[in-house]
Amino acid sequence: MTVLKPFQEATVNAVLRAFDRRRRVRRFLVADEVGLGKTVVAQHVIRRMFSGLGTPLVVFYMCSNLAIARQNRRKLLEILPREERKFADCPVDRLSLFNAYQRPTHENLHLYSLTPDTSIPIRKRQRRDGRQEERALVHALVERLWPGLLREWGKRVFQRGASVNWDQVLKKQREVAARVSLRDAFRQSVRKEFQLAGRQHLLSELYSRWEHDELDELDLIAHLRNALAASAIEEMRPDLVIFDEFQRFRDLLEPSQDQAAQRVVGRLRGDGSANPPALLLLSATPYRLFTRRWEEEGGSTHRSEFFELVEFLYGADSSARAKRQECESAFDALETELRKGQPGSDVARESRGRVEALLCPVIARTERASHDDGWDHFHTACRAAPIAREDFVVFKHLTRSFNESHRTSAVPYWTSIPLPMQTMGNQYVAWKSSEQIESNGTPALTESMRDTYQRLASWPHPRLRALRELAPPEHLAVPWLPPTAPWWPLRGAWKSHLAAPRKLLVFSRFRAVPQTIAAAMSFDVEAQFLRRESFSYAEVSRRRLLSATESRQPLLGLFLPSPFLVKATDPLTVRSSDLSVIRRAVREQLKNALSEVGVSIRDKGPALPPWRLLARLEAAAGNWAWLSKAWRWVHGQIATGVSEDSGLAQLISEWDQEALKPIDVVRPANFEQLVSYAMGSPGVVVGRALKRHWPNAVSDEQDRHGNLTYRHTLAASWVGLRNYFDQRWFYRALCRTDENYPDALLRVVIDGNLESVLDEHLWIIARLRSLAGHELAVELKDGLAIKSGMFFMHPLGANRENTFSLRCHVAMPFIQSRLRSLENGEKPIRTDEMRRAFNTPFWPYILATTSVGQEGLDFHAWCDTLVHWDLCRNPVDLEQREGRIQRFGGLSIRRAIAAEMAEQALTSRMDDESPWSRIESMANATMSDTSGLAPWWVCKNGTVNRYVFDVPTSEQKHWLHWMKEQRLLYRLALGQPNQEDLVEVLSSKVGMDPTAIRNAVVNLSPWFRTAESL
């Protein structure tokens, strides 16, 4: 479980004061700035609430989508021991199905995760038929309770579009419906749903409503689903309800819900209940923090949303309205002083004090700007993106293709979307209704160009060219990022800090852009390194270099996390960054280890390759029996037969035979090969890195089921890292002339400090996700497992259905519409799989997204660079974007801390201690402050990189300058009308002094407000 920092502890205490059962209303909003750990606060609120309760604490966790739910649900469960978490978590994500499945059995906590779209059937603008499991359960219950309904409305009324699996699902739900308690609860809930009087019959009421056009099939399904949901919530009676990022389903806070919706929504909120659940709202943007003029003209104002929320938090009754009026009066007085340009006057200070006294009982908001070092100057670099002749040719073709009614939209599409007529597709009406005209020299990527890895001389789009300059193919082709704390000087492709690869998070306006960026940047890498290949475009990815065929015995040694080598050697014990010194030390360590198993180094005996030596040495060290068992488990996890690893079983058998042979001498040349393996084989560095964070990573330890935990270490290397490296573009990018791929890997593992990178990665994911033991190995393997996706482009001037595909791998699109398929025809990549892969030091290096990636998700573990492909028009949206990579222990923060601490940490660390564990303890001891924000959220020189592309005649530069002013001043406009006008007044009268602005902001931070009063 994450340990609270002081500023978080203060927020938890504020929440629990609001949740005191003696209070009439128990609602609280945690509105901390993005990245400051609102989920951690919720985690500790749950822990404190169930401590000493005596009965299980029932928690409903609601967020807008399941991707965020999967990320945060795991975090909430960290308060329990690992082996207990599954007993507290309900796997069903729909309120209507909660009563139909086994409920959590944990003695302290029952956690239910749901989304409003799937769990509240009677809701504005939402589909009402639900999932087939729900409809099948309704069918099974109605079949037993009111069989006449099926005769009247038809036996397929609940089936709707389901066909293939309907009979199987219905059969299962009939078993569920056999439970008498479920049927009785549903019967009573349905009567309440349709407001039936004592002896009134359901069927007659439904028929009457149908005759008067008050009920159709969808309405019937929605109401019966609602009855299921209502019966569940009425029976389970949650103690705590969490609305996470609730601004995405703000309608649930509105008082005007119809009676059916009120049965579910009102119960979640605790309306009119003598014993309401505690309601915890989480959101960095709980109301429109800043409203532009055009938004106010549309009727959506910051002021109205803000005060409606205040009234809701106080209970949405007459007493709450009185609190709202007090608050409005205090803000009015403050507004007068602000418009005078006197935010520091006595009247302004008194008004701020009144505002804080009214809001702090129900709202907490901590911001980095509250900290002395937390002000960011918001420096965003403008990179030149000049327009070229071919760009105008593309524009001309686009406008000629669009019909007249859509030509006015050609300019925004052209400025943002590269190769628009090839990449937009049917999701755009303008494209769908356009004409297929001849290209007449318009730059385009063709299928024949793809097949020969022939790229365009220059991408005909200024922003795409600028992105390519920022991330050229030779940088992207490097298989992992450099560490922030290298153990020795980086070499080869990692040598130059300026030329080193980095990850980019790109935000765009149009959904076509992320897919186009991903396909174009990925093809750039392939065209750069595969143009000399004789294989076809489709075939090249199937030509494997590291697959387990019968002639590739050395691969087992290369990717073996050898217990003998891992335990015998450690390149860090010498406390030196000189590679020649380190190699001598490893040589001595290995010589001593050989001596301990009775092996000498002499120029006699057979010359054996490393894989044979390792088999015999592991047997001599007593490891082979369980190693062989782990190999066979890994083999069982891999599909064999026609797969590339069909020879693995034979290789393992040969190793078993080799391990039976004795060894008492190693030739000097073979010994030097072992030294090279000890320093640079992928398997050994994986094992040694894991061992620093998980001491039993290379032992014969067994889990509680009697399974070897080492199998996860082996899988991380063999299944994870080997498959990741087994790409032809890496082979071409890494190998020198006449160098084979395994030898190149042994070299580049050292050149790029892979072991240092793995150590850092394991440290940060352990902190971010509270992982330990074999979970670290599993997470490492899964992060390496993402496959190449496919994006389909349309040819110009030809049949649009004759699309051709481009692989997406070094860059990926993070959008709701998934890539149509993977290259091998497997299921599409899910967005949470992409997020997991992006949060590793491996590919993908570019993640392009729209506003779907703007809130609630973490992308900061290995990314410190943000690209505003299309600059947003609101400073709050800008902060939301940057909040994806400005979070606890982000890459920019780690780099700043490593610059101060790494050298000393590497020399003062204990043997077997992770350098990053040492850096962490040193940074906590010397760089932290009383609030806990420093150094892991706020750190000198720990700012992220931001870029916009300056296209001539574009408004990007103008908007950037305007946005910088707005970001400094918008916080002063909290609770005020006409915010944009007010900010302009403040800009002219108060100026841009960050200290003066910070002192004039309403302070709702439980920690910093208390600190100010001391």
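Salt bridges and the enclosed helix α12

Analyst: Helix α12 has these buried residues (buried: under 20% relative accessible area, 1.4 Å probe, protein chains only): Ala-260, Ala-261, Arg-263, Val-264, Val-265, Gly-266, Arg-267, Leu-268 and Arg-269. The model is predicted, with local features needing pLDDT of at least 70 and side-chain atom pairs counting only at pLDDT 80 or more, while totals for chains, interfaces and linings use all residues. Residues are numbered from 1 along each chain as its sequence is written, and side-chain values use heavy atoms, leaving out hydrogens and water.

User: How many residues of α12 are buried, out of how many?

Analyst: Nine of its 11 residues are buried, so α12 is largely enclosed by the rest of the structure. Helices (H or I, at least four residues) and strands (E, at least two) are DSSP runs, numbered from the N terminus.

User: What comes just after α12?

Analyst: Gly-270 follows, with a positive phi of about 85 degrees.

User: Changing topic, how many salt bridges are there in the whole structure?

Analyst: A search of the whole structure gives 69. A salt bridge is a side-chain nitrogen of Lys or Arg within 4 Å of a carboxyl oxygen of Asp or Glu.

User: Which residue does Arg-27 pair with?

Analyst: Arg-27 forms a salt bridge with Asp-271, at 3.0 Å from N to O. Arg-27 is in strand β1 (residues 27-30) and Asp-271 is in the loop between α12 (259-269) and β6 (278-282), so this pair ties together parts 244 residues apart in sequence.

User: Is Arg-27 buried or exposed?

Analyst: Arg-27 counts as buried, at 6% relative accessibility. Asp-271 is partly exposed at 29%, a class that lies between buried and exposed (over 50%).

User: Where is the salt bridge between Arg-187 and Asp-184?

Analyst: Both residues are in helix α9 (residues 180-193), three residues apart, and are thus separated by about one helical turn. Their side chains meet at 2.9 Å, N to O. Arg-187 is partly exposed at 32% relative accessibility, and Asp-184 is partly exposed at 36%.

User: And which residue does Asp-391 bridge to?

Analyst: Asp-391 bridges to Arg-465, with the closest N and O atoms 2.8 Å apart. Asp-391 lies in helix α17 (residues 389-401) and Arg-465 in helix α22 (residues 462-470), so the pair ties together parts that are 74 residues apart in sequence. Asp-391 is buried at 0% relative accessibility, and Arg-465 is buried at 14%.

User: Which residues are linked in a network of salt bridges?

Analyst: The network links Asp-93, Arg-94, Arg-131, Glu-133, Glu-134 and Arg-225.
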